[in-house]
Amino acid sequence: MSEPIRVLVTGAAGQIAYSLLFSIAKGDVFGKDQPVILLLLDITPMLPVLDGVVMELQDCALPLLRDIVPTDKEEVAFKDLDAAILVGSMPRKEGMERKDLLKANVAIFKSQGAALEKYAKKTVKVLVVGNPANTNCLIAAKSAPSIPKENFSCLTRLDHNRARSQVAMRCGVPATHVKNVIIWGNHSSTQYPDVHHCLVNMSGSELACFEAVKDDAWLKGDFIATVQQRGAAVIKARKLSSAMSAAKAICDHMRDIWSGTPEGEFISMGVYSSANSYGVPEDLIYSFPVQIKDKNWKIVEGLAINDFSQMKMDATAAELMEERDTAVAFLGV
């Protein structure tokens, strides 16, 4: 058995964490022979709830779970981390302006970035889930200047999984038969689910997505809208946000960082946008197609982009630049 790794989950008494912690502790994320120490951070009023979560984790009697540390203190939670999954954020309340939401979250992620800088290992891999995830991730990265920007990513794997599943259902195949969908841009309703490079395995042979689906109007219309609006549709139906599917996507994202992506496949994640061949502006956390090896991601370059795609990619970049500029203005406050 290797040495235990230290994994932080913030917002640990919340819904997503409740679906996530079992999978991490069971070995689905970091490997079946990788012991873990879970550091669970939440705000002080949530500590009694967190105690209940800790009891349940203990009661699972999981062989890889070496220790659980529930806390409301950043200096405890962020110490010597190998991985940080930042789920907790200020949710949007009714009647709240987006800029008010950004301001509240800048304060949270500035503080957590500073805690990463001060207490975590410089090799820590940081995944930001709390929304607005791309911009929160950028603020955390800017607040931890000595940790490489490449170590920060935000979650667009949920959108990636949604897109993959929509195509699979349309073609009547399992989701595993669909690969190389791409989510470009922001984890918001401007994101662009792109299937121009997607392949679908239909009875043993791989077809281009447009050929497999045979419905261009759907792929350029309802498919995109469904993926963009899926989070809102779940909230409307469930009266709560997507927790199970978000937790699954977090597991997929972190497992791929730890173990790498399969040969010939790429996945989507929000990463730092410096030096890319797609004309995405610098200094954004933007979702790209990536491949991962030895815990390092690389943007998949050189994919052909048509005018339809370029327009969608530019629109989501414009939203991200506006978010970034608003958030960075708050940073100085």
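Which residue's side chain meets that of Asp325 in a salt bridge? The partner is Arg324, with an N to O distance of 3.0 Å. The structure discussed here is a predicted model, and a search of the whole of it finds 14 salt bridges. The points below cover the annotated features, the charged pairs, the one cavity that was found and a three-stranded sheet.

**Annotated features**

- The UniProt record, an unreviewed entry, assigns residues 6-152 to the feature "domain: Lactate/malate dehydrogenase N-terminal".
- Helix accounts for 41% of the span 6-152 and strand for 18%, while the C-alpha atoms at its two ends are 17 Å apart.
- The unreviewed UniProt entry also carries the feature "binding site" at Arg92, Arg98, Asn131 and Arg162.
- These positions extend over 71 residues of sequence and are spread in space as well, with C-alpha atoms up to 24.7 Å apart.
- Asn131, one of the four annotated positions, sits in the loop that runs between strand S5 and helix H5 (133-142).
- The relative accessible area of Asn131 is 36%, so this residue is classed as partly exposed.

**Salt bridges**

- In the pair formed by Asp325 and Arg324, the acidic residue is partly exposed at 46% relative accessibility, whereas Arg324 counts as buried at 14%.
- Arg324 falls in the buried class because its 14% relative accessibility is under the 20% limit for that class.
- Salt bridges with shared partners connect Arg157, Lys248, Asp252, Arg255 and Asp256 into one network.
- Lys26 and Asp28 form a salt bridge through their side chains, with 3.0 Å from N to O.
- Lys26 has a relative accessible area of 34% and is therefore partly exposed; Asp28, at 25%, is also partly exposed.
- Asp72 and Lys73 make a further salt bridge, in which the closest N and O atoms are 3.3 Å apart.
- Asp72 is partly exposed at 25% relative accessibility, and Lys73 is partly exposed at 43%.

**Cavity**

- Rolling a probe the size of a water molecule over the atoms reveals where empty space remains.
- One cavity of 30 Å³ or more is counted, and the volume of the largest cavity is about 50 Å³.
- Its lining consists of Lys125, Val126, Glu150, Asn151, Phe152, Ser153, Ile257, Met269, Lys295 and Trp297.
- Strand S5 (125-128) and strand S6 (152-154) are the elements that contribute two or more residues to the lining of the largest cavity.
- By residue class, the lining of the largest cavity comprises five nonpolar, two polar and three charged residues.

**Three-stranded sheet**

- Three strands build an open sheet in the order S7-S10-S11, and their pairing is antiparallel.
- Strand S7 (178-179) and strand S11 (205-208) are the edge strands, each of which pairs on one side only.
- Strand S7 is joined to strand S10 (residues 199-202) by two bridges, and the two strands run antiparallel.
- Within this pairing, Lys179 has Leu199 of S10 as its bridge partner.

Conventions
Residues are numbered from 1 along each chain as its sequence is written. This is a predicted model: local features need pLDDT of at least 70, side-chain atom pairs count only at pLDDT 80 or more; totals for chains, interfaces and linings use all residues. Side-chain values use heavy atoms; hydrogens and water are left out. UniProt positions are given in the numbering used here, feature names are shortened, and annotations may be inferred rather than shown by experiment. Helices (H or I, at least four residues) and strands (E, at least two) are DSSP runs, numbered from the N terminus. A salt bridge is a side-chain nitrogen of Lys or Arg within 4 Å of a carboxyl oxygen of Asp or Glu. Buried means under 20% relative accessible area, exposed over 50%, partly exposed in between (1.4 Å probe, protein chains only). On a 1 Å grid over the protein atoms alone, a cavity is a set of points where a 1.4 Å probe fits but cannot get out, and a pocket is an open set with protein on both sides within 12 Å along at least five of seven lines; lining residues have an atom within 4 Å of a point. Grid points are joined across faces, edges and corners, and a volume is the space filled by probe spheres set on the points. Ala, Val, Leu, Ile, Met, Phe, Trp, Tyr, Cys and Pro count as nonpolar, Asp, Glu, Lys and Arg as charged, and the others, Gly among them, as polar. Two strands pair if DSSP finds at least two bridges between them.
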